[in-house]
Amino acid sequence: MGELLVDGGDDIRNQGTNNYVGKDIGSYGTVTLDGHGSSWNMDRGQTGFLYVGQFGTGEVTVSGGADLIAEKVRIGYSDMHDRTGVGTVTVTGNGSTMDDDASLMVGYYGQGTLEIQDEGRVTSNSIDVGYQWNSRGSITVSGGDTDDDGVPSYLSNTHAIGIYGTGSLTIDTGAYAEGNNSYVGRYPDMGGGDAVGIVSIGNDGGGTGLESEWYIYN
């Protein structure tokens, strides 16, 4: 078991490397980034991949205004032979962000979960949930505008919810998500299993007067 805590405005900077939280079968790793100014930057001019639950179990929490910056984040990675990876990323609290400069996949061959709460923000050029056949991925965006500043929990650039595997997207309590050419259950009957996509959108405003929304370009 490995644990890493970054808080009090400290930061980690690395570039051109692959980064793993829960790399091998049977391993368990956790990373916590907490507080304004605290960050982990893996994309300093070069590719910085992040695998959360590659074959083991990995958990990453970004809270209190901290920042996670990477490229090609994979949550619940694994491969077609060993589907043991379980990954969870939680981005919670005003000012807390995860920025993926390339493509974010939640449930590649394994099981992946992304939770965006209480004005947290996650952005990527492309987001796929349930990428490979028999994979399972889920994203929940909740918490809405918790301090009435007009900024809800936010997810940008959804692409496919269930591209070959099973994917779900829940937009709850006044939260907001957007995507470009988004698909729900994109490729059925390919690669040995059906693609399944489920999207649930609430409409209660979370007590803030904001409605839940999934805005699709094109």
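Modeller: Lys and Arg count as positive and Asp and Glu as negative, while His and the chain ends are not counted; the place of a charge is NZ of Lys, CZ of Arg, CG of Asp or CD of Glu. This is a predicted model, in which local features need pLDDT of at least 70, side-chain atom pairs count only at pLDDT 80 or more, and totals for chains, interfaces and linings use all residues. Residues are numbered from 1 along each chain as its sequence is written, and side-chain values use heavy atoms, with hydrogens and water left out.

Biologist: How far apart are the mean positions of the positive and negative charges of the protein?

Modeller: The protein has 9 positive and 30 negative charges. Taking the mean position of each set, the separation is 11 Å.

Biologist: How many strands does the protein have?

Modeller: Helices (H or I, at least four residues) and strands (E, at least two) are DSSP runs, numbered from the N terminus. The protein has zero helices, and its strands number 21.

Biologist: What is the radius of gyration of the protein?

Modeller: The radius is taken over C-alpha atoms, and the globule rule is 2.2 Å times the number of residues to the power 0.38. For 218 residues that rule gives 17 Å, and the model comes close to it, so the protein is as compact as a globular protein of that length. The C-alpha atoms fill a box of roughly 50 × 45 × 30 Å along the principal axes. The radius of gyration is 16 Å.

Biologist: What share of the contacts with a separation of 6 or more joins residues 24 or more positions apart?

Modeller: A contact means heavy atoms within 4.5 Å. By that count, the share in the protein is 77%.

Biologist: Is Ser156 buried or exposed?

Modeller: Buried means under 20% relative accessible area, exposed over 50%, and partly exposed in between (1.4 Å probe, protein chains only). Ser156 sits in strand S17 (residues 154–161). Beyond its neighbours within four places in sequence, Ser156 contacts Val122, Thr123, Ser124, Ile127 and Glu178. Its relative accessible area is 4%, so Ser156 is buried.

Biologist: What is the relative accessibility of Ile216?

Modeller: Ile216 belongs to strand S21 (residues 213–217). Leaving out residues up to four places away in sequence, Ile216 touches Gly179, Asn181 and Ser182. Ile216 counts as partly exposed because its relative accessibility is 36%.

Biologist: Which residues of strand S8 point to one face and are buried?

Modeller: Two strands pair if DSSP finds at least two bridges between them. S8 (residues 67–70) runs parallel to S5 (residues 39–41), with three bridges, and parallel to S11 (residues 97–100), with four. Ser39 stands opposite Asp67, and Ala70 stands opposite Asp100. Side chains alternate along S8: Asp67 and Ile69 point to the other face and are not buried, whereas the buried pair is Leu68 and Ala70.

Biologist: Which residue in S13 is the bridge partner of Thr90?

Modeller: Strand S10 (residues 86–92) pairs with S13 in the parallel sense over seven bridges. Along S13 (residues 111–117), Gly112, Leu114 and Ile116 point to one face and are buried, while Gln111, Thr113, Glu115 and Gln117 point to the other and are not. The partner of Thr90 is Glu115.

Biologist: Which residue in S16 is the bridge partner of Gln111?

Modeller: S13 and strand S16 (residues 136–142) run parallel, joined by seven bridges. The partner of Gln111 is Arg136.
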